[in-house]
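Here's a walk through the two chains of this complex, starting with how the fold of one chain is put together and ending with where the chains meet. Keep the structure open next to the text as you read.

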Amino acid sequence: MSDILYGLMNALNWINLIAALFSVSAGILVGALPGLSAAMGVALLIPVTFGMPADTALISLAGVYCGAVYGGSISAILLHTPGTSSAAATALDGYQLTLRGKAGKALGTATISSFIGGILSTIALYLLSPPLAKLALSFGPAEYFWLSIFGLTIIAGVSSKSILKGLISGVVGLAISTIGMDPITGVPRFTFGVRYLLDGVPFTAMLIGLFSMSQVLIMAESKMKDKAKAKDLEDKVMLSWGEIKRILPTCLRSTVIGTVTGILPGAGGTIAAYMGYNEAKRFSKHKEEFGQGSIEGVAGAEAANNAVTGGSLIPTLTLGIPGNSVTAILLGGLIIQGMRSGPELFTSHARVTYTFFAGFAVVNVFMLFVGLFAGKYFAKVASVKDSILIPIVFALSVIGSFSIYNRMFDVWVMFIFGIIGYFVKKLDLNPAAIVLALILGPIGESGLRRTLILSRGSYAPFFTSTVSWVLIIMSIVSLFSPILMEKLAEGRASKPKAETNK
Amino acid sequence: MKKGIVLILAVLMVFALVGCTQESSDPTGESKEVSVEGYPSKPVNVIVAYRAGGGTDVGARILTSVAEKNFSQPLVIQNIEGAGGEIGFTDLAKATPDGYTIGFINLPTFVSLPMDRNTQYVVEDVRPIANHVFDPGVLMVQESSEWETLEDFIAHAKANPGTLSVSNNGAGASNHIGAAHFEYEAGIELIHAPFDGTTNMLAALRGGHVDASVAKISEVADLVEAGELRILASYTEERLDQFPEVPTLQEKGFDILFGSARALVAPKDTPDEIIEILHDLFKNAIESEEHMNRAKDANLPIRYMGPEELQRYMENEAIYLQEVKPKIGL
């Protein structure tokens, strides 16, 4: 209990409050800019947080994550261009509201429901993480092997566009993950005598390349043109008490959907937002408004994708298994600041952990106020020209990858993976699946080999524990999830084009 | 608006360039005259070959933050982690020997890595400054386990050869050597399961996925006091101050001494004068009351050694490993 209070007091330190304000604003900006994703924002921010005290750094990371997920809704509502893919469902009704002169209502709904989703998922983080962290000890080598298999089966689910391309992406990630020392014997593999590859390809530099530099190349390739200008708002960014009451049940439902979706590895904000939107429609008393500008539709999508933020951190922190590409990147930043996944999270590292949790709550509050009072200005920035955006992101990518260890090697890694990422996007492969496989590959390999060492070659221990069986069953279910996702997709009638090269 | 952005970018680029030039002025420091006069005239980089927040890093940060108070320049910790310490050790060994890059090494790891694989550094690439920490090894089981004493454990292992498992912090890493040496001297057969680092090695023991573990006392003191783990024996000459009821392996008839030391070293051609300045600085810091109190809070067993003593210690470690490794099949 005292650790929870300590974390709260720590997060309310004025330097941390300023960090929360800045990072949320930066996150909203990144989210609002079409083409810049939450993953990219976090990847670029991590090197900046190295020099900060741990608590400030953790809060800044939380701020960018939450801010970016929310920020996507602003350009979705005002420009009909989702800033991030998870805001695609928001655009369905959000832009209709803008056309009818109710852009302020739409922004207000998005802001308030994002806040509700975010803050309630933070509570889930507080309540569900401690028991799950205790459970982490019961995960032995066999269980980690099955966990990685389960995670890999989800790749089929996240890439519902083309399962084949999703699987190819997964294989690419697994192949890259074999670079570096053998996890059991320490024999170097595919390092070609380069010592900086002994521990595998430098992770953060690789991600900055995959997510940021590749986007620079994509944006630079398409013809530079002025983007749609956001109109001035005709109404205020605020909801009446009656309207808040109207969206509240939708928000609560979507929060549950978002938190649960977040906890499952692989499924992220985009899926949660569509699910939240569909359920809002199903339970609504005003079904006819959906697609014509329903605040319930906006709330259903936004509460869900922001609830994913807290939910997705639960497996990331407790088991060290990130659920999506943003938390995968975030995990790297958290480890550097002294957070450890597993049982120590709430014992010897409890103070750091609870500071991060409290920071998560704080940034959600800031997100509410920044969104309500300044949301419309972010829309103006969202229409900034690519000719200005490209050099900024380019410079940040170079500086960010250099500053991790102050070495040029990482910058070259970043460039190489920028080019790889460019082709990944051109060929319609899935970068999230690559990152997931990169993380899960070594976990699965060492789990398999450790189990066999301990059993002296017998495969029986893979099928002895309850946890193993649960994971096996979940893997089988998830193999069939693409069929489920297809059903879900039927509800996406007037889906606006998602992010990239707008 | 545009001008402002161009300006910001220009400034950022300059920073990047400054970084590059620092990098390129790195190796081949042989012919250069190193200026000893006026040392230190800029911040000193202290390489830690393990990640921030780990045991080595915490110890290094406590010591440098105390030492910095009597040094005219900042001591900047650089965490260059990876490959069991090899990446950071290599960067340290190959750094310009001008006194502006020093670092922490872990023993026996620093000595054993070049024996196990083709590392890009050799032990002679560095010269010692001072030893900081000596962390004795312990053999442990879960508190709830059926083995109350070392004799119970050995008896069970002899009755069921090849069934008891011991987790370690990596194949060939320090705890693996400690466990295998005990296995050899006791005449038993164990399964050695390599895990990724100390935390995971201990998690495997605490979750009951292995039967025992060899660790350093500072890593497990809290868990033992919390009643989760039990120490069967220590790898020390005398009993541990903190746990006087725990027997040593020596008094049980097994002649094994094992522990991990963390020492400050510099690249081998660093001038004597600079080594002397640094040695005095860190000796005073280590022996200061503030440092001793903070080390105690962090469970760090301190043992100062001067350069000569540390040099002998490293040589003895090498002799020990050369003697023991073939016996235990590592």
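Take the contacts in chain A between residues at least 6 apart in sequence: 80% of them join residues at least 24 apart. Bear in mind that this is a predicted model. Chain A is built from 19 helices and two strands, and 60% of its 502 residues count as buried. Its C-alpha atoms fill a box of roughly 70 × 50 × 45 Å along the principal axes. A compact globule with 502 residues would have a radius of gyration near 23 Å, and chain A comes out at 22 Å, so the two agree.

How far can you trust chain A? The average pLDDT is 84, with 90% of the residues scoring at least 70. Going element by element in chain A, helix α16 (residues 408–426) has the highest mean pLDDT, at 93, while helix α19 (residues 481–489) has the lowest, at 65. Over residues 493–502 of chain A, the pLDDT is below 50, and this stretch has 26 contacts in the model beyond near neighbours in sequence.

Chain B has a mean pLDDT of 86, and 88% of its residues reach 70 or more. Here too there's a stretch to treat with care: pLDDT stays under 50 over residues 11–32 of chain B, where the model has 19 contacts beyond four places in sequence.

Now for the strands of chain B. A good place to start is strand β4 (residues 126–142) of chain B, which pairs with β9(B) in the antiparallel sense over nine bridges. Of the 17 residues in β4(B), 15 are buried, so the rest of the structure largely encloses this strand. Strand β9 (residues 259–267) of chain B is also largely enclosed by the rest of the structure, because nine of its nine residues are buried.

If you want to trace how β4(B) and β9(B) line up, look for B:R127, which stands opposite B:A266 in β9(B). Further along, B:A130 stands opposite B:L264 in β9(B). Strand β9(B) has another antiparallel partner in strand β3 (residues 101–107) of chain B, and five bridges join the two. On that side, B:N106 has B:R262 as its bridge partner in β9(B).

Strand β4(B) has further partners as well. Here are some of its antiparallel pairings, for checking against the model:

| Partner of β4(B) | Residues of partner | Bridges |
|---|---|---|
| β7(B) | 212–216 | five |
| β8(B) | 229–234 | five |
| β10(B) | 302–305 | two |

Each of these pairings has a residue pair you can look up. B:V133 stands opposite B:I302 in β10(B). For β7(B), it's B:G137 that stands opposite B:K216. For β8(B), B:V138 stands opposite B:S234.

Zooming out to domains, the assignment for chain B gives domain 1 (43–134 + 260–328) and domain 2 (136–252). The C-alpha centres of domain 1 and domain 2 of chain B lie 26 Å apart. Where they touch, 13 residues of domain 1 of chain B are in contact with 15 residues of domain 2 of chain B. On the domain 1 side of that contact, α4 (109–116) and α11 (307–328) of chain B each supply at least two residues. That same side of domain 1 of chain B divides into five nonpolar, six polar and two charged residues.

Finally, where do the chains meet? The contact takes 38 residues from chain A and 37 residues from chain B. On the chain A side, α13 (325–336), α15 (386–403) and α17 (431–454) of chain A each supply at least two residues. Which helix gives the most to the side of chain A that touches chain B? That's α15(A), with seven residues. By class, the side of chain A that touches chain B has 22 nonpolar, nine polar and seven charged residues. As for the complex overall, the predictor gives an ipTM of 0.76 and a pTM of 0.78.

Note on methods
Residues numbered from 1 in each chain as written. Chains lettered and ligands numbered in written order. Predicted model: local features only at pLDDT ≥ 70, side-chain atom pairs only at ≥ 80, totals over all residues. pLDDT = per-residue confidence, 0-100. Helix = DSSP H or I, 4+ residues; strand = E, 2+ residues; numbered from the N terminus. Contact = placed C-beta atoms within 7 Å. Buried ≥ 20, exposed ≤ 12 C-beta atoms within 10 Å, placed from the backbone. Pairing = 2+ DSSP bridges. Rg over C-alpha atoms; globule rule 2.2 N^0.38 Å. Domains from an automatic or database assignment. Nonpolar A, V, L, I, M, F, W, Y, C, P; charged D, E, K, R; others polar.
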